[in-house]
Amino acid sequence: MSALRKDFLFLCPNTIIVARAKNLPKLTHLEIIDISSDGRAVGKTENRVVFVPKLVPGDVVDVQVVRKRKSYFEAVVEKFHEKSKLRVEPFCSHFGSCGGCKWQHLSYENQLYYKQKQVREQLVRIGNLEIPEIRPILGSEHTQHYRNKLEYSFCDRRWFEKSEIEKGEAIEQQGGLGFHVAGRFDRVLQIDNCYLQQEPSNAIRNFVHEFCLASDLEYYNPRQHTGIMRNLMLRITRSKEIMCVLIVAEYNDKIEQLLTELKHQFPEITSLQYIVNTKKNDSIFDLDVKTFSGKDTIEETLDGLRFTIAAKSFFQTNTLQTEALYNQVREMASIDSNDLVYDLYSGAGSISLYLARYAKKVIGVEIVEQAVQDAWKNARLNNIENVEFIAGDMKEVLTNDFIAKNGVPDVLILDPPRAGIHKDVIELIASVSPKRIVYVSCNPATQARDIALLGSDWKILVVQPVDMFPHTHHVENIVLLEKI
Ligand SMILES: C[S@@+](CC[C@H](N)C(=O)[O-])C[C@H]1O[C@@H](n2cnc3c(N)ncnc32)[C@H](O)[C@@H]1O
């Protein structure tokens with residue numbers, strides 16, 4: 001037996017390449033041993049990692065490799081030999097096809113375990129950082145119906161399940177209203193019941209779908225850019241204010257009828273709006289929003305603070321868990337009444353307003369003009385005067401002149417997008433000396449990179465993962481840093 005062969009058997013005694021389809025191998029008895037940071041199950045052969053969707057650690061399977069790279073395979077399951085003890089029965093009938101809650105087959109306890117593990121691995125492996133013991137991840141009190149906002153897409157071609165196709169019945173091409181199937185911008189999975197948002201979310205979506213079918217309202221075709229019905233956005237607050245926004249390619253009598261019917265069928269909708277989008281993309285930030293009935297905003301509260309939310313506003317989607325996250329930020333920031341705080345990447349200013357009640361002054365910086373306007377509005381709504389919001393790209397706004405003008409911050413809050421912080425911004429932050437930095441991140445990999453770039457003058461005091469999105473692989477992480 002060759003050395004390679006022995007090595008191979010040592011590493012994966014039950015995994016033997018038995019077939020090659022189109023030069024791509026099948027692997028038998030592959031044991032899933034971990035979950036990758038992007039949520040895919042991981043197995044190993046002698047010289048490659050194998051990524052397989054929809055599995056959990058402990059599963060033993062035969063897989064067909066569908067993509068081969070230098071260091072890894074991507075594969076799909078062909079046969080189960082053993083199902084992992086970590087598995088639970090998914091509660092949603094759309095599980096498997098829907099790109100939404102991909103971890104439903106893993107118990108919530110184990111979801112939290114793997115999220116915590118992901119945070120530790122990213123900080124240590126990518127950042128090569130010295131970290132204290134990570135605090136136990138804060139799980140979400142609600143693991144269903146936790147989102148305050150959902151955006152559905154209409155598509156003239158709905159996704160057909162394999163089982164539907166296998167039944168052999170004639171399949172008529174039909175439109176779907178739901179979520180895009182992972183990796184398919186031109187196919188939408190028809191959703192009948194979604195567990196992400198409270199009622200009447202499902203009732204409204206199903207009503208709209210039925211109405212459109214009965215009235216021959218054409219669903220959008222994203223390849224040919226034909227059809228009228230494009231998107232449906234629903235926001236529901238804790239006090240049950242409901243915003244329903246219909247996005248259409250043209251406004252006509254049938255749309256007016258649909259909105260009129262919606263208003264009658266769902267009198268609980270407090271803000272019924274529509275947007276006409278004739279562009280080839282789905283973004284709405286540059287489009288006018290028309291109010292059909294009710295108000296043009298809804299209101300949510302966080303820890304007693306009021307927030308006005310318009311159709312285009314940014315607002316954290318898991319309201320209850322946002323309070324848990326912000327409470328952690330407040331505790332770590334440990335602000336006193338003389339402190340100047342910079343809230344960088346401030347969105348609609350919710351962290352700024354949360355902390356302003358304890359600080360001398362908070363300055364928020366954010367690139368989206370509309371979010372900055374919302375932040376000012378929310379400050380006024382809450383009679384908070386010790387805040388200032390500045391619109392602009394961080395690397396252009398946060399300069400030495402800015403610091404000379406506004407003062408050296410005592411505390412810095414960082415909450416950047418997934419891509420993390422621009423290296424010029426990191427350099428500037430490293431050169432000023434705040435007492436502490438609280439870095440909130442939805443991507444521990446870029447967080448680890450950024451903290452490493454800050455340099456060795458900073459010590460990590462606390463690492464606190466928070467689960468904002470149950471049944472997904474996403475994890476939020478807060479790190480408290482102090483200058484040594
Ligand atoms: C994760 S969100 C933070 C939201 C806010 N802290 C909250 O809790 O609601 C990141 C924010 O960074 C903003 N952003 C992205 N790139 C930016 C840049 N180059 N300069 C300033 N802000 C930016 C985004 O518009 C977004 O509002």
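This passage describes the ligand site, a run of paired strands, one helix residue and the cysteines of a predicted model.

In this predicted model, local features need pLDDT of at least 70 and side-chain atom pairs count only at pLDDT 80 or more, while totals for chains, interfaces and linings use all residues. Residues are numbered from 1 along each chain as its sequence is written, and side-chain values use heavy atoms, with hydrogens and water left out.

The ligand is surrounded by 17 residues, each with a heavy atom within 4 Å of it. Q316, Y326, E366, M394 and D415 come nearest. The shell divides into nine nonpolar, five polar and three charged residues. Here Ala, Val, Leu, Ile, Met, Phe, Trp, Tyr, Cys and Pro count as nonpolar, Asp, Glu, Lys and Arg as charged, and the others, Gly among them, as polar. Polar side-chain atoms approach the ligand at several points. For Q316, the partner is a ligand oxygen atom at 2.9 Å. S350 has a polar side-chain atom 3.3 Å from an oxygen atom of the ligand. For D393, the partner is a ligand nitrogen atom at 3.0 Å. On its own, the ligand has 600 Å² of accessible area, and the protein covers 83% of this. Accessible areas come from the Shrake-Rupley method with a 1.4 Å probe.

Strands β3, β4 and β5 were examined next. Strands are DSSP runs (E, at least two residues), numbered from the N terminus; two strands pair if DSSP finds at least two bridges between them. β3 (residues 34-35) and β4 (residues 41-44) run antiparallel and are joined by two bridges. I35 faces A41 in β4. Five residues separate the two strands of this hairpin, and G39 in the turn has a positive phi of about 90°. β4 also pairs with β5 (residues 49-52), antiparallel, over four bridges. V42 has F51 of β5 as its bridge partner. This second hairpin has four residues between its strands.

N110 lies in helix α2 (residues 108-126), a DSSP run of H or I with at least four residues. N110 is buried, at 17% relative accessibility; buried means under 20% relative accessible area (1.4 Å probe, protein chains only). Its side chain makes a polar contact with that of S107 at 2.9 Å. Such a contact is a pair of N or O atoms within 3.5 Å; within protein, one must be able to donate a hydrogen and the other to accept it, and residues adjacent in sequence count only if both atoms are side-chain atoms.

The model contains zero disulfides, a disulfide being a pair of cysteine sulfur atoms within 2.5 Å. For C92, the nearest cysteine sulfur is that of C98, 6.5 Å away. C92 is buried, at 13%. For C155, the nearest is that of C212, 13 Å away. C155 is buried too, at 1% relative accessibility.

Terms used: Buried < 20%, exposed > 50% of the residue type's maximum accessible area, 1.4 Å probe, protein only.
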